[in-house]
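These are my notebook entries on one structure, written down in the order in which I looked things up. I begin with charged pairs, go on to the nonpolar interior, and end at the surface.

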Amino acid sequence: MAFALPAVYDAFDLPRTELAALALRYAEEVEPEAVFRHSVRSYLFARALADHGGMKAGADFDDELVFLSCVLHDLGLSEPGNGNQRFEVDGADLAARFLREHGTDEDAVTVVWDAIALHTSEGIASRKGPEVALAHAGITVDVLGRGKESLPEGFADRVHAAFPRSDLAYVMTNLITRQALANPAKAGPLSFPGQLLRRHLPPGALPDWYDLIADAGWGDRPTARPDTPAA
């Protein structure tokens, strides 16, 4: 059965399952518009990258799970998703709750949770299952442009015409930082949100790795600098 979606989606091959339609509408309702459009673009880029790599939906990956992972991946930047954890984990928890409320099986919930919680974890998400890796790749293309050379010629222009960027990277950065300034518990010093927060605080206000070592209380002392040639 097909589910009615706005006409702009007709130009792209989006999953038409009931769960996909519900997830799309939920994300559009709760997320800032620029973030929602980023979530849709991330899926479109993920699918294009899958095609480029010769991966087939249904055989090599579950297309609906990639869609759900991308469309719901920034729920942590919505008001309902703004809890006391880093935004990636808050968003993963809210997405899991949404999926369970709609009868999704636990294996699928786990895949989507991993994809969302790890979507800023470079070098980890890409080593998980294909759905997690594809979601990460699509999100990365849309934010940082990494891998865009693998997109079909003119495809990014079509996607951006349908779902304008609206300075997404800076909008998203400001949302993460605003949450962290209001609740520092959301931005551990070694996390991605912590990296963003540090730039908006006085020098030394947020400890770095060396500060954490010094405060550990085990008495470890510095050894030779890593850039010093071995004897």
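**Entry 1: salt bridges.** I searched the whole structure, which is a predicted model, and the search found 9 salt bridges. I then took three of these pairs in turn.

I looked up aspartate 142 and found that it forms a salt bridge with arginine 41, with the closest N and O atoms 2.7 Å apart. This pair links distant parts of the chain, since aspartate 142 sits in helix 6 and arginine 41 in helix 2, 101 residues apart. I also checked whether the two are covered, and noted that both aspartate 142 and arginine 41 are buried.

Next I turned to lysine 186 and aspartate 90, whose side chains meet in a salt bridge at 2.6 Å, N to O. Here too distant parts of the chain are linked: lysine 186 lies in the loop between helix 8 (168-182) and helix 9 (192-198), whereas aspartate 90 belongs to helix 4, and the two are 96 residues apart. Lysine 186 counts as buried because its relative accessible area is 2%, under the cut-off of 20%. Aspartate 90, at 8% relative accessibility, is buried as well.

For the third pair I noted a salt bridge between the side chains of lysine 128 and aspartate 114, at 3.6 Å from N to O. Lysine 128 is in the loop between helix 5 and helix 6, and aspartate 114 is in helix 5, so this bridge ties together parts that are 14 residues apart in sequence. Which of the two is buried and which is partly exposed? I found lysine 128 to be partly exposed at 39% relative accessibility, while aspartate 114 is buried at 18%.

Before leaving the charges, I wrote down that salt bridges with shared partners join Arg41, Asp142 and Arg165 into one network.

**Entry 2: the nonpolar interior.** I looked for the largest nonpolar core and found that it has 50 residues, with Leu44, Leu72 and Leu99 making the most contacts inside it. Helix 2 gives the most to this core, namely 9 residues. Setting aside neighbours within four places in sequence, I listed the contacts of leucine 44 as Phe12, Leu14, Phe155, Val159 and Phe163. Apart from this core lies another one of 8 residues, including Val35, Phe87, Met172 and Leu175.

**Entry 3: the surface.** I finished with a nonpolar surface patch of about 540 Å², made by Leu190, Trp209, Tyr210, Leu212 and Ile213. Of these I followed up leucine 212, which is found in helix 10 (residues 209-214) and is partly exposed, with a relative accessible area of 30%.

Technical notes
Residues numbered from 1 in each chain as written. Predicted model: local features only at pLDDT ≥ 70, side-chain atom pairs only at ≥ 80, totals over all residues. Heavy atoms only, no water. Patch = residues over 30% accessible without salt bridge, like charges linked within 9 Å, V, L, I, M, F, W, Y side chains within 5 Å. Areas by Shrake-Rupley, 256 points an atom, 1.4 Å probe, with all protein chains shown as cover. Salt bridge = Lys/Arg side-chain N within 4 Å of Asp/Glu carboxyl O. Helix = DSSP H or I, 4+ residues; strand = E, 2+ residues; numbered from the N terminus. Buried < 20%, exposed > 50% of the residue type's maximum accessible area, 1.4 Å probe, protein only. Core = buried A, V, L, I, M, F, W, Y, C linked by side-chain atoms within 4.5 Å. Contact = heavy atoms within 4.5 Å.
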